[in-house]
Amino acid sequence: MNRLVTRLILSHLLVAVVATTTTFFLVRAMAPQLFDEQLRAGPAGGPGGIGRGTGRTLREEFADAVDSSLGVGVLVAVLAATLFGAVAAYRLTRPLAGLAAATRELAQGRYAVSVPTPGTRELDALAADVRVLAGALAETEARRTRLLGDVAHEMRTPLTVIDGYVEGMVDGLLPTDAESMARVAAETRRLRRLADDLSALSRAQEGRLGLVCRHVALDEVVVPAAERLRPQAQDAGVTMSITVDSPQLVVDVDPERIAQVVTNLLGNALRATPPGGHVRVEVDSPRAGLARVRVSDTGEGLAAVELERIFERFYRVPGRARGGGTDSGSGIGLTISREIAHAHGGTLTAESPGPGAGATFALTLPTVPAR
């Protein structure tokens, strides 16, 4: 009884039963009376029972009585079935009106709306999905609000430094030398990096990355990108190793975009790894037709519920220290990296034994078939 299809079948069946029962009882009650009246009136309105005394006249009189009673019975049955059907339809559609009202509330940005429970299995599942949607939209809105605050914070710091240095140089309190200008230039680059990341996220979400693909060996892209971050690893007191288990894996990719993904993954790994830890970059082939880049660290690790959420826009692991890097702490670097992987027909996944046990990110790309 809790399934919508069952209720629909039963409502149709009950409407048919009501119509049939009404017609039957009306015909059963009216036909004999009409037949008796016609017999008493006689043929052509004359008195005297059957009239000509033939079987055909009696049959005609009986048929007329049945036709009259059926006409009245069908009319009353249609009215009763319509009334019963309207009641049944109202009972079935009333929960849908509640769900429709809840979705309109969601469309207007009121995500704390109460979603009713209709009482049927299918509509209950739909209501549960609407609740999940409301929660996801509320969380996205909260992340968007946090992003605005984070972006404002990220912009405020370099702007404050730039403003202080420029004002100091204008007032003659600071020398206009190479060191001061280098500091201003560094903060300007930090602002540009943040703007570029936000622009890249927009292009990635809209499918406008503008890839310039060519056939290259994957290790020839990964190794130079990783080596550029070796000084950063040394400054952080983290050892870094690069292993190429499967050299000359030819892939059809945009080298700059793949280098961007590797740089982002390695930068995140270095930030998550404390001094004395280890970060490893591997290039191998998990199976024929695929090339893989794995970036593993011995750092903070991830909880199971975070393995997918870290790829969501603006999401950052709670409690993780803010740091520099390709995403400027805004939580969009991994989102951009996954979009780049998907644009190349590949995947980007994360795995971790748990908090404090390190994490591994794997970029998988299709290889170019051998000629």
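The paragraphs below lead through a predicted model, from its sheet to a few single residues and then to its salt bridges. Because the model is predicted, local features are described where pLDDT is at least 70 and side-chain atom pairs count only at pLDDT 80 or more, while totals for chains, interfaces and linings use all residues. Residues are numbered from 1 along each chain as its sequence is written, and side-chain values use heavy atoms, with hydrogens and water left out.

A useful starting point is the open sheet, in which five strands follow one another in the order β2-β4-β5-β7-β6 with mixed pairing. Its edge strands, each pairing on one side only, are β2 (239-244) and β6 (347-351), and neighbouring strands of the sheet are turned by 10° against each other on average, direction ignored. Helices here are DSSP runs of H or I with at least four residues, strands are DSSP runs of E with at least two, and both are numbered from the N terminus; two strands pair if DSSP finds at least two bridges between them. Axes are lines fitted to C-alpha atoms, for helices over the stretch in contact, and angles run from 0 to 180 degrees between N-to-C directions.

Strand β5 (residues 290-297) has a partner on either hand: strand β4 (residues 278-284) pairs with β5 in the antiparallel sense over six bridges, and β5 and strand β7 (residues 359-366) pair in the antiparallel sense over eight bridges. The register can be read from individual pairs, since Val-279 stands opposite Asp-297, Asp-284 stands opposite Arg-292, and on the β7 side Ser-296 stands opposite Thr-360. In the hairpin of β4 and β5, five residues lie between the strands, and Gly-289 takes a positive phi near 90°.

In a regular strand the side chains alternate between the two faces of the sheet. In β5, Leu-290, Arg-292, Arg-294 and Ser-296 point one way, Ala-291, Val-293, Val-295 and Asp-297 point the other way, and all of them are buried. Buried means under 20% relative accessible area, exposed means over 50%, and partly exposed is in between, using a 1.4 Å probe and protein chains only.

Two helices lie across strands of this sheet. Helix α7 (residues 255-272) lies across β2, β4, β5, β6 and β7, running at about 25° to β5, whereas helix α9 (residues 333-343) lies across β6 and β7, running at about 135° to β6.

Which residues does Asp-297 contact, leaving aside its neighbours within four places in sequence? They are Ala-269, Thr-273, His-278, Val-279, Gly-358 and Ala-359, where contact means heavy atoms within 4.5 Å. Asp-297 is buried, with a relative accessible area of 10%, and a polar atom of its side chain lies 2.8 Å from the backbone nitrogen of Gly-299.

A second aspartate, Asp-219, is found in helix α5 (residues 218-227). Asp-219 is buried yet has no salt bridge, and the nearest side chain of opposite charge, Arg-214, is 12 Å away; for this purpose Lys and Arg count as positive and Asp and Glu as negative, while His and the chain ends are not counted. The backbone nitrogen of Gln-248 lies 3.1 Å from a polar atom of the Asp-219 side chain. Leaving aside neighbours within four places in sequence, the residues in contact with Asp-219 include Val-244, Leu-249 and Val-283.

Salt bridges come next, each being a side-chain nitrogen of Lys or Arg within 4 Å of a carboxyl oxygen of Asp or Glu; by this rule the count comes to nine. One of them joins Glu-139 and Arg-309, whose closest N and O atoms are 1.8 Å apart. Glu-139 lies in helix α3 and Arg-309 in helix α8 (residues 306-309), so the pair ties together parts that are 170 residues apart in sequence. Glu-139 counts as partly exposed at 31% relative accessibility, as does Arg-309 at 24%.

Another salt bridge links Glu-282 and Arg-280, with the closest N and O atoms 3.6 Å apart. Salt bridges that share partners join Arg-280, Glu-282, Arg-294 and Glu-351 into one network. Within this network, Glu-282 is buried, with a relative accessible area of 10%, whereas Arg-280 counts as partly exposed at 33% relative accessibility.

Key:
A polar contact is a pair of N or O atoms within 3.5 Å; within protein, one must be able to donate a hydrogen and the other to accept it, and residues adjacent in sequence count only if both atoms are side-chain atoms.
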